[in-house]
Every structure is written in C-alpha cells, then in structure tokens.
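Open the model in your viewer and keep the selection tool at hand. The stops below say what to pick next and what is there.

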Amino acid sequence: MRTKAGLSFFLVGVASSLMVSGLLSCSPEEKPANPLVLDQAESAWLQEYRGKLLFAPDPFYAPFEYHDEQLGGTTGLMHDYLRLVEEKLGIRLVRVRMDSFEQILSLARARHLAIVNAVTKTPERSRFLDFTEPLVEIDNVILVRKDRPPVADLAGLEGRKVAMVKDYAVTEYVRGKHPEIMIETVATDLQALLAVSYSLADAAIIDLATASWLTQKQGLSNLKVSGNANYPVRLAIASRNDWPVLTSILAKATAAITPEERQAILNKWLILEDTQNDTLKRFYLILVALAGAFLVVAGFMLLWNRQLTWQIARRTASLDQALAEKETLVLELHHRTNNALNVIISMLQMEISAQPDQASCQAMQGILNRTMAMGLVYQKLDGASRFTRTDLADYIPELASLLLEAHDGSAARIRLEHDLASANVPYDIAIPCGFIISELVGLSLSGTRTGEAGAAVSITLKHTDDHGLILGYADTTLSQPGDPPGRNLLTMTAEHQLQGSIQFNQKPGTGLTCTLHFQDDVYEGRI
Amino acid sequence: MSRILVVEDEAIVAMSLCLQLQQAGHQTLPPAATGDRAIKLAMEHKPDAILMDINLARGMNGIEAGRTIRGFSAAPIIFTSGYTNEDITSQALSLQPAEYLVKPLSFHRLKNLLAELQIRA
C-alpha cells in the first residue's frame, strides 16, 4: 500500500495548493511483480521489431508525460513507467514528436504508432488500441474561477460552457453521458485552464494532478477545484490492437514492475512536488523548530525553577540552623549570667550570715535584693520564647514574693496583693522596675507599722492612653517607712533610667504609696 | 538530725546552701561538684534528701546522676537550676523529683519544702 499512500500525499499537496481537499483518487491496487518471462514467439517478435516500434509522447500532459525544454526531452511519471518497460524488455522505442494528444491518437488510429502512453481506456480507443492494467489512477475534477459559485458535480454544469481536451477519455465520457453540458474542446489541458481563468468558459474538467501542476507553473491563482467529475483517469500504456503479441509482451513487462520500482517513480515525483511546495515545507520546518525551541526553553525554565527551589530550601535550612545555634547561644548567655548572679547572691548571703553589724547587714541585704531582681529577670528570659522581653505581670509578683521570703520569712507576716496588667517589656525596662520594687519592698521590710497583723502590700500595673505604664505600690499599714541607702537610687532609677516620674506619699498614719509613670518604649530599638 | 547532700559545681553557691541548711539545723554532707561524686556520696552516706543542680562538672549532668541514684535510693531529690526551658525541665520531671526549684533560690521556700517532706532539722 506504499504506492497508494505515496500518491495520496502527492495529491494532498496538489489539492492544498488549489484550496480544496477530498477529491483524491488512488493508484491501482498494488500487485506483486511477476518475473518477466517471454515465450519463444514473443521473443522472436520482439527481435524482429527491435528499433521499429514507434511511440509519440504527449508533449503537454504534465506531470504524467510532457516535453521539458530544460531537460531537452520527454519526462513525467507515466513516461518513467514506459522507460522502465523499455529497460525490462531491452528495447528502445523510436520517438516521434507530435504537437498534441489529438495528433497522437490520429496516428495511432491509422496504425502508425506501436505504443501510446498515459492513456485511459475508452470504448472508442479500444477500437484500435489494447491497454495494460492502469498504472496510475486519479480523479478528474471540475475547476471554476474563485469568484464563481462552486459546482459539486457534472449535474451542476447543465447548460454551462465547459473547456475539455479533445479526445481525452473524460471528454468522451462527458459527451456521452451529459449531452446537456456545452463542451468547448481545446488542444491541451493548459488551454482548458486558461479558458476558465479568462472567463472564456464556465468550467474545465481535467485530472487533479495536471490541474495542480499547471496552476502552479502558470501562476493561475484565480482558479479553484470545485467538484468531482466521478470519472477517474486510469492511465495505462496502450498498443495497437492488431499486434496481440505486443499487447501480451507489454502486459508481462508491466506486471514485472516491482513495488520498489513503483515507489521509486512516485518518490521522484513526490520530491518534485516537495520542491514546488517548498514554502509549505519551510512553514512546517519553522513550526517544528519553534516547537523545539519552546520545549528547550520550557525545559530550561523547569530546571532553573527546580534549582532555585533547591537553593531556597538549602538556604532556609542553613538559616534555620544558624538561628537555632544563636538561640542556643543566647539561652546559654542568659543562663550563665543568672549563674553568675546566683554566685554573688550566695556570697552576700554568706556575708550577711557572718556579719554581726546590723547596718552592714542592711546594706548588704539591699545589694542582695537588687541582685535577686536582676537574677530573676534572666531566669524569666531563659524560659521565655522571646529572648529579650518579659511580662511584668509575671515578673513583679514573683520578685516581691522572693524578696519578702528572703527576709527571714516576712512573707508570712506581710501579705502580698497584686493586680497587674500584662505588659511584655524589654529587660532594659524590667530590671529597673525590679530595682524599684526591691527598694520599695526594702522600705516595707525595714519600716515600722501600726499593727503587725494583717499587713498587706499592694502592687498594681495599668496601661495609660499614651502607651505608658503606671506602676503603683501601696503599704497602708506602714507608719514609718525605713530609709535604706537605696532610697536615692529609687528616684534616680525612675527618672534617669526609665525617663519617667515617681511620686511618693508618705505620711504618718496613712502609710506609703508610690506611683511610677513611664513609657515602655524608652529602649525600643536598642540591641 | 537529717543529712542533706548538696550537689552543686559552683563552690560559693554550694557553700552558701550548706551554711544556710546548717543554720536551719540540718546536717550536710561534703558538697559534690560532679555526678560521679554525688552517686558515690549517696551510696556511702545514704542522705535523707538530695539538692541536685543540673549543670555539673565533668560530663554527667544532674538529671543523669539523679537517674542513677534513683536506682538505689528513695531519698527525695530536689532539682535546683537556672534552666527553665521545657526540654530540660521535662527531662528532670520525668524522674519524679520532690521539686524543681529555679534559681535564684528562695531559701525560705526550700526550708518549707524540706518540712513538707518531713526532713526534720
């Protein structure tokens, strides 16, 4: 079936050039080649007529058989078949040059020609010719001008003027079957097409391959294939029918043509067609190249994207690791600071235990309290998920309890009450707040009070509208607050370090109240 | 009089704790700075309570030492540490200690705890 497919492709190219499709025909069924064996009579006949067999090629039946000025001789698809037959038989036909197919048929009718090539069998021709099996089969099509309504079949040509080549089989067929069609006979296929192109005829009927060949060669761009004549061209090699031996010889010779030889002939003319359709071929080539380029770019983008994803994942993992290491380092620093402060606390505790002088003890207790205030901040930071901030609502009550407990169990005598709003502050704020609480607790612990029972210290923390904080301390039963050395430090810490203000109310009988007002963003942005 | 083993690598902190415990009427064993030393003292002297720091000298930490001691002694273990992160506290609490006290220590709290544990002075 290669032959059929190959020819179909050839015709697709032809049809597309004429802006139509679906009018394709096929070659005859492919048959296996028979070995060429001539009997004795045939061989003797061939020997006798060698160099005497006349043949007149059609000069205008391109692409099947035509005269090519550049080649200086006859060429064409069917002509190649005939050359193959010549080779197989070992003969060379004597060429006779005629100007038209009409003349060729006239010579054949008069028995002057032994062989007529590229012809379709008709009843009229069968009177004087015998035919081999068809070698090529192709549809005859109806061609009209592009600006005219389409005509699908022969019935649509009733009363129309149709240009057809004289003595063609299809002309003979149409004349017999459709007398209502006004046939204008011309000498060649080109003349038929020109008649339509210049509006001298309404339509032309010629085979599709020839139509394609000529429209391209002659640049007849105003024609279109409109319909099918439903009478295909079946091209064969014919011989004069009064020489039955020649008919037999030709039948054997054409039967000996192998599928490979048929394909070689078709390939030759397919290549010709490819050359003619170079633009189309180039278009497909560019299309394929563009698709290839797109695939390459898409592949590159995909690879690049994957590489970026991999790099991001690697960099993220690296940053995560670095962050974890830094977190561990910060935790360890906090822990070691806390440890160092605990060592100082322990030293002070031992000194206080061994020191008999009450004033010295009190001074050292003040230092101890402040150190505990700092130590507790670092302990809170150690356990916090944020390494630089701590919640005063958590820190201050714990510190106050620690200080009261550290003072020989004063927690049992002084009850601690607190109402603190949550306030996450940096340790630059928490430590001075701790100092202030430790000083105030020191005042409570060292002072004298109206009644020991029911003593209570109250600590409050509130947010203000201006994003500030108010820390309140009240010890209402304190009749005479102590005056530890750190009293000045209290004011200094509030006003200098916290950039805030502190107010004392310290009157006999009303106890001690202290209010500290400060902004929690004093150290914002500090490292 | 109860005997208390203080396990603490910081000498001054160890001395201070021992001093305060003694002032409160307890007997203290010589303080241990390493886990090995703590295990040895616990085996030899069978203390009534053990005050165990977590960060110790020479490799073995307080949690590992406590786990070994728990194998042969039922004495209550009180962990003392500056660490409050979840990873370490959960490891320590898996040994079911008597308490986990965070530094800076409140000795008053420690004294009350020993009383609750009936570790009498």
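The tour takes chain A, then chain B. Keep in mind throughout that this is a predicted model.

**Stop 1: chain A as a whole**

Select chain A. Its 527 residues are 47% buried. The secondary structure comprises 14 helices and 23 strands. Now turn on the surface. Chain A exposes about 25800 Å², and 56% of that comes from carbon and sulfur atoms. Consider next the contacts in chain A with a separation of 6 or more: 73% of them join residues 24 or more positions apart.

**Stop 2: a five-stranded sheet**

Stay in chain A and show strands 16, 19, 20, 23 and 22. They form an open sheet of 5 strands in the order 16-19-20-23-22, with mixed pairing. Which strands stand at the edges? Pick residues 414-420 for strand 16 and 501-507 for strand 22 of chain A. Each has a single partner strand, so one side of each lacks a neighbour in the sheet. Within this sheet, neighbouring strands are turned by 10° against each other on average, direction ignored.

Zoom in on residues 455-463 and 468-475 of chain A, which are strand 19 and strand 20. The two pair in the antiparallel sense over 6 bridges. To see one bridge, select His463(A) and its partner in strand 20, Leu469(A).

**Stop 3: helices on the sheet**

Add residues 392-406 of chain A, helix 12. Helix 12 lies across strands 16, 19, 20 and 23 of chain A, the last of these being residues 511-519. Against strand 16 of chain A, helix 12 runs at about 170°.

Then add helix 13, residues 427-446 of chain A. Helix 13 packs on the sheet and touches strands 16, 19, 20, 22 and 23 of chain A. Its direction makes about 175° with that of strand 23 of chain A.

**Stop 4: two cysteines**

Select Cys433(A) and Cys514(A). Are they buried or exposed? Cys433(A) is buried, at a relative accessible area of 0%. Cys514(A) is buried too, at 3% relative accessibility. How many disulfides does the structure hold? The count over all chains is 0.

**Stop 5: strand 9 and its partners**

Move to residues 140-145 of chain A, strand 9. Here 6 of the 6 residues are buried, so strand 9 is largely enclosed by the rest of the structure. Show strand 12 of chain A, residues 203-207, which pairs with strand 9 in the antiparallel sense over 4 bridges. Val141(A) has Ile206(A) as its bridge partner in strand 12 of chain A. Next show strand 13 of chain A, residues 223-228, which also pairs antiparallel with strand 9, over 5 bridges. In this case, pick Arg145(A) and its bridge partner Leu223(A).

**Stop 6: a loop and a helix end**

Select Thr122(A). This residue sits in the loop between strand 6 (115-120) and strand 7 (129-131) of chain A. Thr122(A) is buried, at 2% relative accessibility. What is Thr122(A) in contact with, leaving aside its neighbours within four places in sequence? Phe131(A), Ala169(A), Glu172(A) and Tyr231(A).

Go on to helix 6 of chain A, residues 189-197. Its buried residues are Asp189(A), Ala192(A), Leu193(A), Ala195(A), Val196(A) and Ser197(A). Just after helix 6 of chain A comes Ser199(A), with a positive phi of about 60°.

**Stop 7: chain B as a whole**

Switch to chain B. Its 121 residues are 52% buried. There are 5 helices and 5 strands. Along the sequence they follow the pattern β-α-β-α-β-α-β-α-β-α. The accessible surface of chain B is about 5500 Å², with 49% belonging to carbon and sulfur atoms.

**Stop 8: a crossover in chain B**

Select residues 77-81 and 99-102 of chain B, strand 4 and strand 5. They run parallel and are joined by 4 bridges. Ile78(B) has Glu99(B) as its bridge partner in strand 5 of chain B. Now add residues 86-93 of chain B, helix 4, through which the chain crosses from strand 4 to strand 5. This β-α-β crossover is right-handed.

**Stop 9: His45(B)**

Finish in helix 2 of chain B, residues 35-45, and pick His45(B). At 29% relative accessibility, His45(B) is partly exposed. Beyond its neighbours within four places in sequence, His45(B) is in contact with Arg3(B) and Leu29(B). Between His45(B) and Leu29(B), 16 residues apart along the chain, the C-alpha atoms are separated by 8.1 Å.

Key: Residues are numbered from 1 along each chain as its sequence is written. Chains are lettered from A and ligands numbered from 1 in the order in which they are written. This is a predicted model: local features need pLDDT of at least 70, side-chain atom pairs count only at pLDDT 80 or more; totals for chains, interfaces and linings use all residues. Side-chain values use heavy atoms; hydrogens and water are left out. Buried means under 20% relative accessible area, exposed over 50%, partly exposed in between (1.4 Å probe, protein chains only). Contact means heavy atoms within 4.5 Å. Accessible areas come from the Shrake-Rupley method with a 1.4 Å probe; for residues, only the protein chains shown count as cover. Two strands pair if DSSP finds at least two bridges between them. Axes are lines fitted to C-alpha atoms, for helices over the stretch in contact, and angles run from 0 to 180 degrees between N-to-C directions. A crossover is right-handed if, with the strands pointing away from the viewer, the path from the first strand over the helix to the second runs clockwise. A disulfide is a pair of cysteine sulfur atoms within 2.5 Å.
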